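This report is meant for a reader who is meeting this structure for the first time. Please look over the sequence and the model before reading on.

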Amino acid sequence: MIGMDWDSQAGEIVREYRFADPVYVTRPTMPPLDAYTGYLRGIWERRWLTNDGALHQELERQLSAHLGVEHLSLFCNGTIALLVALRALQIEGGEVITTPFTFPATAHALHWNGLRPVFCDIDPATLNLDPHRIEPLIGPETRAILPVHVYGTPCDVDAIQAIADRHGLRVIYDAAHAFGVQYLGRSLLHYGDLAMLSFHATKLFSTIEGGALISRTSAQRSRINSLKNFGIAGEEEVIGPGINGKMDEFQAAFGLLQLRMVGDEIARRKAIAAIYRERLAHVPGLTLIADQPLTQPNYAYVPVLVDADGYGLDRNGLFQLLRSCNIISRKYFYPLVSRAPCYASLPSADPARLPVAERAASQVLCLPIYGTLPISAVHRICQVIEVCHALRTQATTQASAVRPNGP
Ligand code: T4K
């Protein structure tokens, strides 16, 4: 392939390495169908479909035990859980400091509560909120901090809590990606006033659509359970303007079966993540997020930052090449949510104030990872990335060798 132009080289890579079927960034773990139909039979017999049914109660019990948390409330999805979290803490009117490097749902939950997001830049090592940049953004209108444990990497929880304590602010963690992550030997979900989990189909643990809030006290949990059920506290009592955030029995059944599989899923992902790390960490221009100290990760995502100068091709170029090879990587999270028209005019959304997040968004690519992804496929994906780098750097070297001496 040496000596060819890039288009021809890319064509050769595609011819050699293209997968017959798409390799998606993730695939849900599917429980055995028979086991699910077994649960369906029970639902049919009980004729109890939603509203705190038997399977819902059982999933809450099992999840609390699995995650090592005391007060857990299930939801129909993570976004509604986040909406309710802000309501439950009575954070009404004002500003909330949050990250622009996240899925749009994080900022939208603020918007739907009439709160103004104040975007804060991120730490280049973890891609999470940079605590050093939070304090200058705090003003008289600030009510809370809404950090995200992006890709399941823990935020600097102690620094964030210290800032919140100094200024009397609430902390709500968007822990959508952090199922099962342990920090200092216990669940990461113990940090903040409330933590939200997402159980969407694309998540490590799934209830098809779904989510949860982890609260600190049983009183807080009761309030949350009322708010997710229209604000109803008893047959004749409504405590406030609640919403319908309930998980149904079909979702709970899926979750009960998924919970049996999640340990094996994490183990398989760990093996896949190790191959990516071993093969890609040494490729010039590629950066993988370092394993965090004192953390037991969940291997939910494999984000890679592509520096065009070192790698020889920019992120978009690699994304396209992978697509051509039927490898469906994703640019989580590009563009930054602060660029969305509903936020772009906020002073804190100015790209000049978010240089680290802007750079990460322009460089990031999430590679496929899920338990049933064959190890041979992981090696093939790595090979495409390695071969691409080798050809691109050869092309650059040759070009500079033939270039006449300029001024
Ligand atoms: N906060 C954060 C930080 C989040 O990342 C999210 C959600 C939320 C809050 C909100 O939580 P939820 O309200 O969703 O519970 C996906 C998910 O829809 C979204 O839940 C998730 N974050 C986000 C990171 O990823 P898309 O638009 O990329 O999904 P989609 O449909 O393109 O799926 C990605 C790939 O997964 C597909 O290419 C193939 C595979 N897939 C997907 C589905 C739905 C399957 O194989 N089977 C499936 O059923 O957002």
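The sections below take up the ligand and its surroundings, then the pockets, the cavities and some details of the backbone.

## The model and its ligand

The structure shown here is a predicted model, and the description starts with the ligand that it holds. Around this ligand there are 26 residues, and the closest of them are R27, T79, D174, H177 and Y332. When the residues of this shell are sorted by class, 11 turn out to be nonpolar and 11 polar, while four are charged.

Three side chains can be named for the short distances between their N or O atoms and atoms of the ligand. In the case of T79, an N or O atom of the side chain lies 2.5 Å from an oxygen atom of the ligand. The side chain of D174 has an N or O atom 2.7 Å from a nitrogen atom of the ligand, and for the side chain of K203 the distance from such an atom to a nitrogen atom of the ligand is 2.9 Å. On its own the ligand has 920 Å² of accessible area, and the protein covers 78% of this area. Among the elements of the fold, α4 (78–88), α5 (105–112) and β9 (194–198) are those that give two or more residues to the shell around the ligand.

## The largest pocket

Where in the protein does the ligand sit? The ligand is placed in the largest pocket, whose volume is about 480 Å³. The lining of this pocket is made up of 29 residues, and those that lie nearest its centre are F103, S198, H200, T202 and K203. K203 thus appears among the residues nearest the centre of the pocket, and its side chain also has an N or O atom 2.9 Å from a nitrogen atom of the ligand.

Two or more residues of the lining of the largest pocket come from each of α4, α5, β9 and β17. By class, the lining of the largest pocket divides into 14 nonpolar, 11 polar and four charged residues.

## The second largest pocket

The second largest pocket has a volume of about 400 Å³, and 21 residues line it, with R277, I289, D291, P297 and Y299 lying nearest its centre. Which element gives the most to this lining? That element is α8, which supplies four residues; α8 spans residues 249–280, and both α8 and β15 give at least two residues to the lining. In terms of class, 13 residues of the lining of the second largest pocket are nonpolar, five are polar and three are charged.

## Two cavities

Apart from the pockets, the structure holds two cavities of 30 Å³ or more. In the largest cavity there is about 60 Å³ of space, and its lining is formed by A176, H177, F179, S198, T202, K203, L204, F205, R269, N298, A300 and Y301. Six of these lining residues are nonpolar, four are polar and two are charged. Some of the names have come up before: H177 is one of the closest residues to the ligand, while S198, T202 and K203 are among the residues nearest the centre of the largest pocket.

The second largest cavity contains about 30 Å³ of space, and the residues that line it are L280, L286, V304, V306, L318, L365, L367 and I385. Its lining has eight nonpolar residues, with no polar and no charged ones. At least two residues of this lining are supplied by β15 (302–306), and at least two by β17 (364–367). The strand β17 also gives two or more residues to the lining of the largest pocket, and β15 gives at least two to that of the second largest pocket.

## Details of the backbone

Two cis peptide bonds can be described in the loop between β16 and α11. The bond that joins Y332 and F333 is cis, with omega at about 15 degrees, and F333 belongs to the loop between β16 (327–328) and α11 (355–363). Y332, on one side of this bond, is also among the residues closest to the ligand. The peptide bond from Y334 to P335 is cis as well, with omega near -10 degrees, and P335 lies in the loop between β16 and α11.

A further detail concerns L127, which is not a glycine and yet has a positive phi of about 65 degrees. L127 is found in the loop between β4 (116–119) and β5 (142–146).

Key. Residues are numbered from 1 along each chain as its sequence is written. This is a predicted model: local features need pLDDT of at least 70, side-chain atom pairs count only at pLDDT 80 or more; totals for chains, interfaces and linings use all residues. Side-chain values use heavy atoms; hydrogens and water are left out. A residue is near a molecule or strand if one of its heavy atoms lies within 4 Å of it. A polar contact is a pair of N or O atoms within 3.5 Å; within protein, one must be able to donate a hydrogen and the other to accept it, and residues adjacent in sequence count only if both atoms are side-chain atoms. Accessible areas come from the Shrake-Rupley method with a 1.4 Å probe; for residues, only the protein chains shown count as cover. On a 1 Å grid over the protein atoms alone, a cavity is a set of points where a 1.4 Å probe fits but cannot get out, and a pocket is an open set with protein on both sides within 12 Å along at least five of seven lines; lining residues have an atom within 4 Å of a point. A molecule sits in a cavity or pocket if more than half of its atoms lie within 2 Å of its grid points. Ala, Val, Leu, Ile, Met, Phe, Trp, Tyr, Cys and Pro count as nonpolar, Asp, Glu, Lys and Arg as charged, and the others, Gly among them, as polar. Grid points are joined across faces, edges and corners, and a volume is the space filled by probe spheres set on the points.
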